[in-house]
Amino acid sequence: MSFFAYKNGEMHAEGVALATIARQVGTPFYCYSAAALRASWQEFADAIKGTNARICYALKANSNLAVIKLFGDLGAGADIVSVGEMRRALAAGIRADRIVYSGVGKKASELMAALEAGIGQINVESSAELEVLNAVAGQLGKKADITIRVNPDIDAGTHEKITTGRKENKFGIDIDLATEAFAKAASLPNLRVVGVAMHIGSQLTSLSPYRDAIVRVRSLIQELRTAGHRIDRFDIGGGLGIVYADEQPPSISDFMQVVGKETAGLGCELTFEPGRRLVGEAGVLVSEVILVKPGVSKTFVIVDAAMNDLIRPTLYDAWHDIVPVREPRPDAATICCDIVGPICESGDYLAQNRDLPPLSAGELIMVRSAGAYGAVMASSYNSRPLAPEVIVDGTRFAVTRPRPTIDEMISTERIPPWMVQAGQATKG
Ligand SMILES: *Cc1c(COP(=O)(O)O)cnc(C)c1O
């Protein structure tokens with residue numbers, strides 16, 4: 001079911017009309033449905049029931065505190081890629097021992113902060129990181145629980161900018177070099193190897209890359225055990241796809257069935273790190289039409305959301321469904337248009353060559369499936385304030401991150417003292 005639907009001719013998030021939020025908060029804004037977030041969590045929870053598995057929500061998809069807390073309260077751990085995300089996970093009440101720290105370039109200071117906080121597992125991605133982590137753990141008198149992330153050289157069949165498990169990608173340790181890395185880890189006194197990790201890409205809509213990757217990692221686990229390593233955990237990563245247009249991503253239960261079958265008998269605790277699948281369809285971006293500019297070949301609908309608010313269309317060639325917030329008549333004619341923002345870049349578009357009912361200035365539009373890699377990737381390019389984030393729960397809604405004022409944005413900057421003096425000098 002969709003948690004964003006027309007009621008009485010008006011698009012609602014659960015029991016709240018988006019137009020009501022727009023009047024109170026202004027546009028553009030992100031809106032998340034708590035019921036949708038719970039429903040996607042429940043799909044995972046049901047699928048792992050009775051198995052030795054845990055789910056660590058990948059914060060980078062949407063690190064809004066309310067969203068993290070909602071999952072944390074339901075029992076989620078967290079997958080983080082920075083100390084900033086660690087602080088968010090902790091602030092949202094997720095226990096440190098339920099946090100997994102991933103990332104290809106962790107600094108010594110970040111590893112130290114993670115160990116000091118008591119992070120449960122660090123997924124190491126290079127031989128150099130093994131040494132740095134060993135040294136940092138030694139300084140703190142701690143032993144770090146680690147997995148080694150291997151790169152299984154599998155094509156995830158997704159957009160080139162979000163595929164991560166091929167040899168030519170920077171992530172993980174080449175599976176052919178993995179035995180060396182495990183031997184090295186075992187020789188370092190302040191590390192305790194607890195398992196193997198992988199993450200092959202994002203927005204996967206087929207199960208076969210997962211199957212192929214697991215088969216490769218499974219035989220690595222067997223080799224490692226023969227060599228005397230203790231491998232208790234298998235971190236499968238995230239990456240499950242969602243619906244943007246007409247994709248048919250696998251159900252979570254089908255996914256778990258494949259994983260269960262391919263890992264049967266290994267006796268490993270499994271970790272899953274879903275991001276997009278938990279939040280993507282649970283969020284939308286709402287924007288107001290500034291003006292409509294008819295052209296010779298097509299019409300440009302210029303709206304107040306732009307590439308700084310949602311960069312996915314221009315960065316990943318992503319297609320997002322866009323609908324008017326006021327329900328169009330079923331027989332309404334459509335025109336071909338580009339939905340674009342006000343930024344001075346040709347890449348500033350939300351949709352191109354889209355057939356939509358004619359829109360006019362002041363009308364609201366809703367961009368679907370914007371809950372993942374939307375607000376988190378926003379910037380304030382053109383000194384545009386970050387769009388606020390709103391969460392709806394039934395008939396309630398709350399702003400979880402307000403729109404900063406321009407004064408707030410400017411007030412964090414400083415004029416160098418010599419320039420202040422120079423200004424005074426010219427005045428005098
Ligand atoms: C990005 C990332 C995830 C989450 O990916 P999704 O496609 O959002 O599920 C999980 N694990 C790691 C290591 C990641 O880098």
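Which residue has a polar side-chain atom 3.3 Å from a nitrogen atom of the ligand? In this predicted model, that residue is D79.

## Contacts with the ligand

D79 isn't the whole story. H199 also points a polar side-chain atom at a ligand nitrogen, with 3.5 Å between the two atoms. R276 makes its contact through the backbone instead: a polar atom there sits 2.7 Å from an oxygen atom of the ligand. With the protein in place, 94% of the ligand's 390 Å² of accessible area is covered.

## The shell and the pocket

Step back a little and there are 14 residues around the ligand, with K60, S202, E273, R276 and Y373 the closest. Sorted by class, that shell holds 6 polar, 5 charged and 3 nonpolar residues. As for where the ligand sits, the space it takes up is the largest pocket.

## What the record says

UniProt, in an unreviewed entry, puts a "binding site" annotation on R276, R312, Y316, E345 and Y373. These residues do not all gather at one spot, because they span 98 residues in sequence and their farthest two C-alpha atoms are 27.2 Å apart. R276, Y316 and Y373 are among the residues lining the largest pocket. R276 itself belongs to helix α10, which runs over residues 276-279.

The unreviewed UniProt entry also lists a domain, "Orn/DAP/Arg decarboxylase 2 C-terminal", at residues 30-371. Over that stretch the chain is 31% helix and 25% strand, and the C-alpha atoms at its two ends are 8 Å apart.

Definitions and conventions:
Residues numbered from 1 in each chain as written. Predicted model: local features only at pLDDT ≥ 70, side-chain atom pairs only at ≥ 80, totals over all residues. Heavy atoms only, no water. UniProt positions renumbered as here; feature names shortened; annotations may be inferred. Helix = DSSP H or I, 4+ residues; strand = E, 2+ residues; numbered from the N terminus. Near = heavy atom within 4 Å. Polar contact = N/O pair within 3.5 Å; in protein donor to acceptor, adjacent residues only side chain to side chain. Areas by Shrake-Rupley, 256 points an atom, 1.4 Å probe, with all protein chains shown as cover. 1 Å grid on protein atoms, 1.4 Å probe; cavity = no way out; pocket = protein on both sides within 12 Å on 5 of 7 lines; lining within 4 Å. Sits in = over half its atoms within 2 Å of the grid points. Nonpolar A, V, L, I, M, F, W, Y, C, P; charged D, E, K, R; others polar.
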